[in-house]
Amino acid sequence: MTRKQKRLAVIAGGVGVVGVAVLLVLFALQEQIVYFHSPTDIAEKPVDPGTRIRLGGLVAEDSVNRGQGTAVEFAVTDTANTVEISYNGILPDLFREGQGVVVEGVFRPGNSQFVADTVLAKHDETYMPKEVADSLKAQGVWQGDGE
């Protein structure tokens with residue numbers, strides 16, 4: 001084997017090892033990726049029960065029902081469609097009706113109710129998650145900051 005062939009073999013081996021490492025990382029992270037949906041996306045293309053997603057929109061007016069302890073049920077809407085949410089935990093201080101919210105969790109099997117394990121509320125008067133803002137702007141519901 002010549003010097004040039006050895007060098008090419010080492011380079012090819014290195015590229016192969018890096019390629020395998022990248023594939024392993026992508027495969028491992030596939031379970032951790034959480035896709036964003038709006039209530040209209042859910043209505044148009046239902047998500048399989050047990051699939052972890054992020055759902056964003058506005059907390060529907062007159063939809064917050066507090067149960068015993070930290071249990072709360074509310075609805076998230078993009079004004080075209082609404083999804084019922086069940087959450088057991090402490091809500092963010094800025095959580096209220098009419099505010100932008102992103103919830104993360106899964107749909108119950110055989111039930112249209114979404115069980116959230118994370119609730120994120122907007123943190124100031126100008127913030128709204130980009131995906132939620134884009135979805136609401138596309139429907140002409142939210143104007144945002146003049147963009």
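In which helix is the place of Val 18? Selecting that residue in this predicted model takes you to helix H1, which covers residues 3–29.

**First stop: the surface of the helix**

Keep Val 18 selected and add Val 22 and Leu 26, since these three residues form a nonpolar patch on the surface, with about 270 Å² of accessible area together. Val 18 itself counts as exposed because its relative accessibility is 52%, and the cut-off for that class is over 50%.

**Second stop: the strands around S7**

Next, select residues 114–121, which make up strand S7, and then residues 82–88, which make up strand S5; the two run parallel and are joined by 3 bridges. To find one position in this pairing, pick Ser 86, whose bridge partner in S7 is Val 115. Now add residues 100–107, strand S6, which runs antiparallel to S7 and is joined to it by 7 bridges. Within this pairing, Glu 104 stands opposite Thr 118 of S7, and Glu 104 is the residue to keep highlighted for the next stop.

**Third stop: the salt bridges**

The structure holds 3 salt bridges, and Glu 104 is a good place from which to begin looking at them. Show the side chains of Arg 52 and Glu 104, which meet in a salt bridge with an N to O distance of 3.0 Å. Arg 52 lies in the loop between helix H2 (39–44) and strand S2 (53–59), whereas Glu 104 belongs to strand S6, so this pair ties together parts that are 52 residues apart in sequence. Are the two partners buried or exposed, or something in between? Glu 104 is buried, with a relative accessible area of 12%, while Arg 52 is partly exposed, at 32%.

Stay on Arg 52 and bring in Asp 117, because the side chains of these two residues also meet in a salt bridge, here at 2.8 Å from N to O. Asp 117 lies in strand S7 and Arg 52 in the loop between H2 and S2, so the contact ties together parts that are 65 residues apart in sequence. Asp 117 is partly exposed, with a relative accessible area of 43%.

Then return to Glu 104 and select Arg 54, whose side chain meets that of Glu 104 in a salt bridge of 3.0 Å, N to O. With Glu 104 in strand S6 and Arg 54 in strand S2, the pair ties together parts that are 50 residues apart in sequence. Arg 54 counts as partly exposed, at 35% relative accessibility. With Arg 52, Arg 54, Glu 104 and Asp 117 displayed together, you can follow the one network into which salt bridges with shared partners join them.

**Last stop: the nonpolar core**

Finally, select Phe 74, Ile 85, Phe 95, Val 103, Phe 114 and Val 119, which, of the 20 residues in the largest nonpolar core, touch the most other members. S2, strand S4 (71–77), S5, S6 and S7 each supply at least two residues of this core, and the largest share, 4 residues, comes from S7. In soluble globular proteins, nonpolar side chains tend to be buried together.

To end, center the view on Val 103 and display its contacts: leaving aside residues up to four places away in sequence, Val 103 touches Ile 53, Arg 54, Leu 55, Phe 74, Ile 85, Phe 114, Ala 116, Thr 118 and Val 119.

Note on methods. Residues are numbered from 1 along each chain as its sequence is written. This is a predicted model: local features need pLDDT of at least 70, side-chain atom pairs count only at pLDDT 80 or more; totals for chains, interfaces and linings use all residues. Side-chain values use heavy atoms; hydrogens and water are left out. Two strands pair if DSSP finds at least two bridges between them. A salt bridge is a side-chain nitrogen of Lys or Arg within 4 Å of a carboxyl oxygen of Asp or Glu. Buried means under 20% relative accessible area, exposed over 50%, partly exposed in between (1.4 Å probe, protein chains only). Patches are made of residues with over 30% relative accessible area and no salt bridge: like charges are joined within 9 Å, nonpolar side chains (Val, Leu, Ile, Met, Phe, Trp, Tyr) within 5 Å. Accessible areas come from the Shrake-Rupley method with a 1.4 Å probe; for residues, only the protein chains shown count as cover. A nonpolar core is a set of buried Ala, Val, Leu, Ile, Met, Phe, Trp, Tyr and Cys residues joined through side-chain atoms within 4.5 Å. Contact means heavy atoms within 4.5 Å.
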